[in-house]
Amino acid sequence: MTQRTDTGHFAASLSIRSGTGSASHDRVFRFIPLFSTPRAASRYAMAQGLEYLRQPALPA
């Protein structure tokens, strides 16, 4: 996800959903770097999400 900031830059965030039904939850990450385009912010969030999924033991 991307969002335009007050300064005109773009912030990146990522939501990872796990579980099913009433036991499901979303983990939302908001990243510090700002980007000049929404595409750059989106690519960064995607790369961070893929890196998170490569972890041998995901944090709880």
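This report covers the salt bridges, the aromatic pairs and a nonpolar surface patch of a predicted model.

**Salt bridges**

Side chains of opposite charge can pair when their charged atoms come close. Searching the whole structure gives two salt bridges. The table lists them with their N to O distances.

| Basic residue | Acidic residue | N to O distance |
|---|---|---|
| Arg 17 | Asp 26 | 3.1 Å |
| Arg 54 | Glu 51 | 3.6 Å |

In the bridge between Arg 17 and Asp 26, the arginine is exposed, with a relative accessible area of 62%. Asp 26 has 37% relative accessibility and therefore counts as partly exposed. In the bridge between Glu 51 and Arg 54, Glu 51 is partly exposed at 42% relative accessibility, while Arg 54, with a relative accessible area of 58%, is exposed.

**Aromatic pairs**

A pair of aromatic rings is described by the distance of the centres and the angle of the planes. The count of aromatic pairs in this model is three. One of them joins Phe 35 and Tyr 44, with 5.2 Å from centre to centre and 45 degrees between the planes. This pair is classed as tilted, because the class takes in angles that are neither under 30 degrees nor over 60. Phe 35 has a relative accessible area of 14% and is buried, since the limit for that label is under 20%. Tyr 44, at 26% relative accessibility, counts as partly exposed. Phe 35 and Tyr 44 also belong to a cluster, linked by ring pairs, that includes Phe 31.

**Nonpolar patch and helix H1**

Met 46, Leu 50 and Leu 53 make a nonpolar surface patch of about 310 Å². Which helix holds Leu 50? Leu 50 is placed in helix H1, which covers residues 38–53. Leu 53 lies in helix H1 as well.

Is Leu 53 buried or exposed? Leu 53 is exposed, its relative accessible area being 54%. Leu 50 is partly exposed, at 40% relative accessibility. Residues qualify for a patch with over 30% relative accessible area, so Leu 50 at 40% meets that cut-off, and Leu 53 at 54% meets it too.

Leu 53 can also be placed relative to Leu 14, which is 39 residues away along the chain. The C-alpha atoms of Leu 53 and Leu 14 are separated by 12 Å.

Technical notes: Residues are numbered from 1 along each chain as its sequence is written. This is a predicted model: local features need pLDDT of at least 70, side-chain atom pairs count only at pLDDT 80 or more; totals for chains, interfaces and linings use all residues. Side-chain values use heavy atoms; hydrogens and water are left out. Patches are made of residues with over 30% relative accessible area and no salt bridge: like charges are joined within 9 Å, nonpolar side chains (Val, Leu, Ile, Met, Phe, Trp, Tyr) within 5 Å. Accessible areas come from the Shrake-Rupley method with a 1.4 Å probe; for residues, only the protein chains shown count as cover. A salt bridge is a side-chain nitrogen of Lys or Arg within 4 Å of a carboxyl oxygen of Asp or Glu. Helices (H or I, at least four residues) and strands (E, at least two) are DSSP runs, numbered from the N terminus. Buried means under 20% relative accessible area, exposed over 50%, partly exposed in between (1.4 Å probe, protein chains only). Rings of Phe, Tyr and Trp (its six-membered ring) pair if their centres lie within 6.5 Å; planes under 30 degrees apart count as stacked, over 60 as edge-to-face and the rest as tilted.
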